[in-house]
Amino acid sequence: MSDPIYLDCDTGVDDALAIALLLGTPHAELLGAGTVTGNTGADQAARNTLDLLALGGRGGVPVAVGARHALDGSGAHDASVVHGGNGVGGVELPRAAADPVPVPAVDLLLALARARPGELRVLATGPLTNLAMALRREPRLPELVRDVTVMGGAVRVPGNVTGHGEANIAVDPEAAAEVLAASWPVTLVPLDVTMRHRFGAADQEALRAHGTPLSTALAAMLTGYFDYYEPVLGERRVPLHDPLAAAVLLGAVDVSDAPMLGLRVEVDGRRGAVVEDASAARQTRVVLGVADDTVPRIRELVLAAG
Ligand code: BDR
Ligand code: CA
């Protein structure tokens, strides 16, 4: 049984690792990707995604440019200090032959969902604007999609862009609120768990030593990511936000703690916070713990991409 996947991303160093993990997991069938402004602009994110897919030998996967602004019209924060000016740590990737498909990401997502009703698995590793727009366009989308896995939120820990806000939620809180409230099964993979599982120098060296075009590029883009996180974390290691969400979706790592919680996304006041709300339906599976061998599992699957 394969897992047909639509990836919604803002590629991004850790998004790049997630893409590699999808390519390296035999039962993952990446049908298409859409991009959103987050770590970099939606257009640059599409360029990065196409270039990475081509490096991994999957240049035929359709990539669509998505939302350049949040639902309220605002742009994203400047993440260049984390992900470099081009989103991939300043690394110049060989330019793929393919260009983005000439439809917006919402159209690509809806077409894929309608083509395989009830089968498509959605992985969101960026702000949730495209998914919210797709819900508005097609109210039956929750019935057409099998499930949604979101890297985002800081539920019981501090945020990473404000004291309470995690980047993917804080860039477009209205979109996040709509996605979490919709009647589809959502698994949230928040900072609570992603911050605790990190690549270090040995993982970077393994990618470099693997010596393929994709692994070499991933190793190179990790250097700037290490540089950003070292003073933040007090060690030269980086959290595996997006690849962990991909691994959870694919069942590639063992989940040890994942309660069903009622959540609310704050759109005023503590804007961008994801808070537990006893009055909300307990409909979101929130991953708070994964097995100790998660990092080596992720490394193995990223290396398997080629
Ligand atoms: C999330 O925000 C982005 O910077 C990363 O790619 C990840 O998806 C972490 O908060
Ligand atoms: Ca991301």
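These are my notebook entries on a few things I looked up in this structure, which is a predicted model.

**Entry: the calcium site**

I started with the calcium ion (ligand 2) and asked which protein atoms are its donors. I found Asp10 (OD), Asp15 (OD), listed twice, Thr125 (O) and Asp242 (OD), lying 2.2 to 2.5 Å from the ion. Along the chain, I read the spacing of these donors as D-x4-D-x109-T-x116-D. Thr125 and Asp242 link distant parts of the chain, sitting 117 residues apart. I placed Thr125 in the loop between strand E4 (120–124) and helix H5 (129–137), and Asp242 in helix H12 (residues 241–249). Buried or exposed, these two? I checked, and both Thr125 and Asp242 are buried.

**Entry: the largest pocket**

Next I went for the largest pocket and noted a volume of about 430 Å³. I counted 28 lining residues, with Asn160, Val161, Ala167, Tyr229 and His241 nearest the centre. Which helix gives the most to this lining? I got H11, with four residues. Several helices supply at least two lining residues each, among them helix H1 (13–24), helix H7 (167–170) and H12. Sorting the lining by class, I have 14 nonpolar, eight polar and six charged residues.

**Entry: tyrosines in H11**

Tyr229 had already turned up by the pocket centre, and I met this residue again when I searched the whole structure for aromatic pairs and came away with two. One of them is Tyr225 with Tyr229, edge-to-face, 5.2 Å centre to centre and 90 degrees between the planes. Both residues lie in helix H11, four residues apart, about one turn of the helix. I jotted down a reminder that an α-helix has 3.6 residues a turn, so residues three or four places apart point the same way. Tyr228 and Tyr229 make an edge-to-face pair too, at 5.0 Å centre to centre and 75 degrees between the planes. I put Tyr225, Tyr228 and Tyr229 down as one aromatic cluster.

Then I looked at burial in the cluster. Tyr225 and Tyr229 are both buried. Why does Tyr229 count as buried? Because its relative accessibility is 6%, and the cut-off for buried is under 20%. Tyr228 comes out at 25%, so I filed that residue as partly exposed.

**Entry: helix H13**

Last, I turned to helix H13 (residues 294–303) and listed Thr294, Val295, Ile298, Leu301, Val302 and Leu303 as buried. What do the buried residues of H13 pack against? My list has H1, strand E7 (198–199), helix H10 (201–210), H11, H12 and strand E14 (289–290).

Technical notes: Residues numbered from 1 in each chain as written. Chains lettered and ligands numbered in written order. Predicted model: local features only at pLDDT ≥ 70, side-chain atom pairs only at ≥ 80, totals over all residues. Heavy atoms only, no water. Donors = N, O, S within 2.8 Å, 3.2 Å for Na, K, Ca; no water. Buried < 20%, exposed > 50% of the residue type's maximum accessible area, 1.4 Å probe, protein only. 1 Å grid on protein atoms, 1.4 Å probe; cavity = no way out; pocket = protein on both sides within 12 Å on 5 of 7 lines; lining within 4 Å. Points joined across faces, edges and corners; volume = space filled by probe spheres on them. Nonpolar A, V, L, I, M, F, W, Y, C, P; charged D, E, K, R; others polar. Contact = heavy atoms within 4.5 Å. Phe/Tyr/Trp six-rings, centres within 6.5 Å; stacked < 30°, edge-to-face > 60°.
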